[in-house]
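Welcome, and please take a moment to look over the sequence and the model. The report below walks through a few of its parts.

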Amino acid sequence: MKTNTSACEVHTSLRTHEGAPAAKESAEKELTRAVSCCMLWEDTFYEKGNALTERIKELCGKVSLRFLCQLAVKSRTDLKLRHIPLWLCVQLLKQNQDRPHTAIDSYFVASSINQVIQRADELAELVSLYWKDGKKPLASQLKKGLAAAFGKFNEYQLSKYNRDSKVKLRDVLFLCHAKPQNEEQDRLWK
């Protein structure tokens, strides 16, 4: 057996989805790459949408909560993606429940949810994604993030996206117990 092989030969069992040899990446880099080119649940050339979503879900468990918060905000603000940041928020809430965390981590989760939600319809969409596997009580950080995000929207934005769907904006408002900041907002929410 020859042991003195060429330095450029790579012995790897890792393969791309196409079958070519692949280099080992950190979970953070792999998750960032998967999120950056993901249109949630849509098939790509190499990978089915459901498989990609499950891979992202698995990778979320391998990274820190703070990295996941930063990635969710970055994918919404810098990359201008709409559904994958909401999906990352749902995964963030699951990771926050499963891992030991500090009050600072919990603050980052609620703050990230508030930053990710930039349109009024995303309030109901996030709750819908949270309930995708069955209805359950909302996590406290989800309630805090939704309550903070509700204050961003005016009457026009709320009425524009108040649609007849499974989860309505009114339902989200009742679930998160958002407190109005002034009398005008109080009248609007009533």
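A residue counts as buried when its relative accessible area is under 20%, as exposed when that area is over 50%, and as partly exposed in between. Keep in mind that this is a predicted model.

**The whole chain**

Let us begin with the overall picture. The protein chain has 10 helices and 0 strands, and 38% of its 190 residues count as buried. Among contacts between residues at least 6 apart in sequence, 69% join residues at least 24 apart.

**Helix α2: two faces**

Helix α2 covers residues 49–60. With 12 residues at 1.5 Å a residue, α2 should span 16 Å, and the 17 Å between its end C-alpha atoms agrees with that. Which residues of α2 are buried? They are Gly49, Leu52, Thr53, Ile56, Leu59 and Cys60. These residues sit on the same side of α2, because they cover an arc of only 125° around the axis. A general rule helps here: an α-helix has 3.6 residues a turn, so residues three or four places apart point the same way. The face of α2 turned away from the buried side carries Asn50 and Glu58, which are exposed.

**Helices α6 and α7: a packed pair**

Next comes helix α6, residues 121–130, which is mostly covered, with 8 of its 10 residues buried. The buried residues of α6 are Asp121, Glu122, Leu123, Ala124, Leu126, Val127, Leu129 and Tyr130.

Two packed helices are described by the angle between their axes and the distance between the axes. For α6 and helix α7 (residues 140–150), the axes come within 11 Å and cross at roughly 165°. Because angles over 145 degrees count as roughly antiparallel, that description fits α6 and α7. Their crossing is left-handed. On the α6 side, the contact is made by Leu123, Leu126, Val127 and Tyr130, and on the α7 side by Leu142, Leu146, Ala149 and Phe150.

**Helix α3 and the loop after it**

Helix α3 runs over residues 65–77 and includes arginine 76. Lysine 74 lies in α3 too. Is arginine 76 buried or exposed? Arginine 76 is buried, as its relative accessible area is 7%. Leaving aside neighbours within four places in sequence, arginine 76 is in contact with Leu81, Arg82, Pro85, Val116, Gln118, Arg119 and Glu122. One of these partners, Glu122, is among the buried residues of α6.

Lysine 74 is partly exposed, at 38% relative accessibility. Lysine 74 and serine 112 are 38 residues apart in sequence, and their C-alpha atoms are 9.9 Å apart in space.

Lysine 80 belongs to the loop between α3 and α4 (83–98). Its relative accessibility of 61% makes lysine 80 exposed.

Here are the three values side by side.

| Residue | Relative accessibility | Class |
|---|---|---|
| Arginine 76 | 7% | buried |
| Lysine 74 | 38% | partly exposed |
| Lysine 80 | 61% | exposed |

**Two positive phi angles**

Most residues other than glycine have a negative phi. Lysine 80 is not a glycine, yet has a positive phi of about 60°. Where is histidine 177 found? Histidine 177 is in the loop between α9 (169–176) and α10 (183–189). Histidine 177 also has a positive phi, near 55°.

Technical notes: Residues numbered from 1 in each chain as written. Predicted model: local features only at pLDDT ≥ 70, side-chain atom pairs only at ≥ 80, totals over all residues. Heavy atoms only, no water. Helix = DSSP H or I, 4+ residues; strand = E, 2+ residues; numbered from the N terminus. Expected span 1.5 Å × (residues − 1). Buried < 20%, exposed > 50% of the residue type's maximum accessible area, 1.4 Å probe, protein only. Arc of directions from axis to C-beta. Axes fitted to C-alpha atoms, helices over the stretch in contact; angles between N-to-C directions. Parallel < 35°, antiparallel > 145°, perpendicular 65-115°, else oblique. Left-handed = near helix turned anticlockwise from the far one by under 90°. Contact = heavy atoms within 4.5 Å.
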